[in-house]
Amino acid sequence: MSKKIEEFMAMVIERNPGEPEFHQAVREVAESVIPFIEKNPKYQKAKILERMTEPERVIMFRVPWLDDKGEVQINRGYRIQMSSAIGPYKGGIRLHPSVNLSILKFLAFEQVFKNSLTTLPMGGAKGGSNFDPKGKSDNEVMRFCQSFMTELAKHIGSDTDVPAGDIGTGAREIGYMFGQYKRLRNEFTGVLTGKGLGWGGSLIRPEATGYGCVYFVQEMLKTRGESLKGKICTVSGSGNVAQYTVEKLIQLDAKPVTLSDSNGFIYDPKGVDEQKLEFVMELKNVKRGRIKEYADEFKCKYFEGKFPWEIKCDVAFPSATQNEIHEADAKKLVKNGCIAIGEGANMPSTPEAVEVFLDAKILYAPGKASNAGGVAISGLEMSQNSQRLSWTRDEVDEKLLQIMISIHESCVKYGKEGKYINYVNGANIAGFVKVANAMIDQGLV
Ligand code: NDP
């Protein structure tokens, strides 16, 4: 079997040279799905996995804009439309200096499986730019977003491709992009999700990824007769996903003790409570400051240039970025008694780290399952926009909970190995089957 996987990966690497993150994401799926395809030859005959690893469309474009000094700046914009087998393309826009083709192809590929798991009709895509919103004025961010959307608008639409937020793209950026799309097209449609509440947004969308991740971990813990109550939790990141992960953990009487940003992490052994979280939200969403200021404000330790995995915890929630947990971190987590990992970020654990978690048979939720709540509520934002209705907070939260329970059930169905649930195999195979069947039904697409 491993020969088949190696042959397949050699083909993927040859076709996509110099794209290590894309190779990593494909390999993880191939390792789960190729053994399954062997038992279901119709997928082999139709070359489904070979087709799924070739994006339907890749768009790359120039984004020129003027900074506050009147100087011309040039960034590169991207949209990877990976699969439209089960619905319009859907996936976020990442604005970060590290953005490149490899990172966006890995994210778009993951998105296909994630969106399939949500039970909603959404294809997979991802986009972004190497633009860094950090340190830019609101006007600079607006000019960049308008220029970015001027090109992107030609390729998206409420029934074609519906982008959303991701790293560096929050409510402010979505607003500027939506405004520009509306001017260009003269139509008010649900072309982006994560919109403001007063102009087509859904309640619970900002909370959805973090809340959903905690709901998923709750389901995993139930399989071992455990709950989150009283559990010490380490969280990385301090952006959208991390903030609402912490909020839900507080509500469920767990104890979140860390937060981080790209400069370092804070460790607050007394726990981040509601009032401290309010400080973090103001710091990160309004003042756009650094997490170190939390340590200064609440007199706790700050660790420069580090991720929080050395801190003893029961459950870890990596919620910053890809490959933030390495093998040595994973070993430390397991040694310190960590019983569950809920990935809020996309692919935060390296393949070697994942192996450590699976070997130790701890509860390990891969991001494509545990962070699917965000895109699920984006899907519900699309439904509300189409109906020109908005649902209540409780209604949407209840739907989010049910979707996370259903994703957990799908993972259990396809990932059970004796008493152990391999959530990696479960998520990959469950996500694959729906897309693969749609592709077979639709002919050679
Ligand atoms: P935000 O931009 O709101 O926050 C990102 C956080 O991670 C910030 O604290 C940022 O620190 C930190 N971070 C980013 N890059 C790095 C890096 N290279 N090293 C260390 N820290 C870093 O993004 P989100 O919270 O939206 O996204 C976080 C993760 O969750 C990403 O992997 C994203 O793809 C994933 N995700 C997000 C969803 C959503 O709905 N928003 C949905 C599903 C997944 P700093 O401020 O210093 O940059």
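**Hairpin, domains, parallel sheet and ligand shell**

Strands β1 and β2 form a hairpin, with five residues between the two strands. Gly70 lies in the turn and has a positive phi of about 85 degrees. The model is predicted. Strand β1 covers residues 57–66, and strand β2 covers residues 72–83. Their pairing is antiparallel and runs over ten bridges. Within the hairpin, Val58 of the chain stands opposite Ile80 in β2.

The chain is divided into three parts: domain 1 (2–52), domain 2 (57–187) and domain 3 (208–370). The centres of domain 1 and domain 3, taken over C-alpha atoms, are separated by 31 Å. Contact between these two domains takes five residues from domain 1 and six residues from domain 3.

A second pairing pattern appears in an open sheet of five strands. The strand order is β7-β6-β11-β12-β13, and the pairing is parallel. The edges are held by β7 (255–256) and β13 (363–365). Each has a single partner strand, so one side of each is left without a neighbour in the sheet. Strand β6 (residues 232–235) is joined to β7 by two bridges, and the two strands run parallel. Here Cys233 stands opposite Pro256 in β7. In general, strands of a sheet pair through backbone hydrogen bonds, in either the parallel or the antiparallel sense.

The ligand is surrounded by 27 residues. The closest are Asp166, Thr209, Ser262, Arg290 and Asn346. By class, the shell holds five nonpolar, 14 polar and eight charged residues. Both domain 2 (57–187) and domain 3 (208–370) give residues to this shell, so the ligand lies between them.

Polar contacts involve both backbone and side-chain atoms of the protein. A backbone N or O atom of Asn240 lies 2.9 Å from an oxygen atom of the ligand. For Val241, a polar backbone atom is 3.0 Å from an oxygen atom of the ligand. Arg290 uses its side chain: an N or O atom there is 2.4 Å from a ligand oxygen atom. On its own, the ligand has 890 Å² of accessible area, and the protein covers 85% of that area. Three elements give two or more residues to the shell: α8 (205–222), α9 (240–251) and β8 (258–261).

Conventions
Residues are numbered from 1 along each chain as its sequence is written. This is a predicted model: local features need pLDDT of at least 70, side-chain atom pairs count only at pLDDT 80 or more; totals for chains, interfaces and linings use all residues. Side-chain values use heavy atoms; hydrogens and water are left out. Two strands pair if DSSP finds at least two bridges between them. Helices (H or I, at least four residues) and strands (E, at least two) are DSSP runs, numbered from the N terminus. A residue is near a molecule or strand if one of its heavy atoms lies within 4 Å of it. A polar contact is a pair of N or O atoms within 3.5 Å; within protein, one must be able to donate a hydrogen and the other to accept it, and residues adjacent in sequence count only if both atoms are side-chain atoms. Accessible areas come from the Shrake-Rupley method with a 1.4 Å probe; for residues, only the protein chains shown count as cover. Ala, Val, Leu, Ile, Met, Phe, Trp, Tyr, Cys and Pro count as nonpolar, Asp, Glu, Lys and Arg as charged, and the others, Gly among them, as polar. Domain bounds come from an automatic or database domain assignment. Contact means heavy atoms within 4.5 Å.
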